[in-house]
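Thanks for sharing this one. I have put my reading notes together below, so please have the structure open as you go through them.

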Amino acid sequence: MIQIDIEADLNMEDDDERNFARLPAGNPRIKVGAVAVAGRPGFWSWVQIDEIDDTIVFFHQITARQAAAHGELAVPATA
Amino acid sequence: MRSLFDAYPDGRVFDRVALIVDSTVNFDTFGYYGLSLWAISEPWTLDRVLEQKARKARRVALFTVGELRSQGLGIVLSGKAPHVDTTLGAAGRQAPGPMQVTGASAEELVDRFLLATYTLVENHLFEPGPG
């Protein structure tokens with residue numbers, strides 16, 4: 001089972017075509033510029049975090065290659 | 001069209017609680033309860049949406065606008081095409097002024113959405129694996 005950092009509906013997009021979701025509590029990995037896994041177990045993606053406000057985190061999807069290039073991945077279990 | 005999370009343990013296509021959460025996140029961000037959909041039309045053909053917006057989803061659900069409307073749901077433009085939201089009535093991000101929202105709106109939206117008939121489609125452009 002994949003470890004999801006950001007529980008998200010990846011159908012949701014804002015005006016800048018970014019996905020967004022409720023900001024998870026207590027996860028120090030969730031910061032602007034960081035790479036994380038967002039979605040739900042059957043539909044998820046590597047993402048890069050663009051913006052965080054009080055309750056919502058905005059991010060865009062990236063490929064596994066782009067995620068790996070970031071170099072700070074805590075690799076989840078297989079999907 | 002809505003990309004599906006196909007990991008619910010009993011084979012359900014939609015999870016009511018998850019949909020309520022999703023519509024509430026929309027409320028927290030934009031001020032109205034909505035569920036995200038992808039609108040199929042030229043130039044956003046089904047294959048283009050499957051490839052560019054749903055490539056990580058194994059299956060999608062196709063709804064007609066007429067079916068959603070028959071359940072009392074509206075379609076509002078939101079974000080950039082092909083993204084739209086389905087809402088109760090005519091609420092939307094472009095609506096000026098304060099919005100009247102009741103405490104039961106998320107539940108009512110989701111319950112009406114779950115009554116809508118849809119067609120399940122395998123995403124032949126699905127990209128398995130990470131990223």
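The points below cover the contacts between the chains and then the strand pairing in chain A.

1. A reminder to begin with: this is a predicted model. Please read each point below in that light.

2. How many residues of chain A are in contact with chain B? On the chain A side there are 26, and they meet 21 residues of chain B. Contact here is a matter of C-beta atoms, placed from the backbone, lying within 7 Å.

3. Which elements of chain A supply at least two residues each to the side that touches chain B? They are β2 (19–22), β4 (43–52) and α1 (64–70). The largest share, four residues, comes from β4(A).

4. By class, the side of chain A that touches chain B has 13 nonpolar residues, along with eight charged and five polar ones.

5. Now to the strand β4(A) itself, beginning with its pairing to β3(A). Strand β3 of chain A covers residues 35–40 and runs antiparallel to β4(A), with six bridges joining the two. One of the places to look is A:G39, whose bridge partner in β4(A) is A:W44. The two strands form a hairpin, with two residues between them.

6. β4(A) also pairs with strand β5 of chain A, residues 56–61, again in the antiparallel sense, over five bridges. Here A:I49 has A:F59 of β5(A) as its bridge partner. A hairpin joins this pair too, through three residues.

7. To pull this together, β4(A) pairs with β5(A), is joined by bridges to β3(A), and gives four residues to the side of chain A that touches chain B.

Notes: Residues numbered from 1 in each chain as written. Chains lettered and ligands numbered in written order. Predicted model: local features only at pLDDT ≥ 70, side-chain atom pairs only at ≥ 80, totals over all residues. Contact = placed C-beta atoms within 7 Å. Nonpolar A, V, L, I, M, F, W, Y, C, P; charged D, E, K, R; others polar. Pairing = 2+ DSSP bridges.
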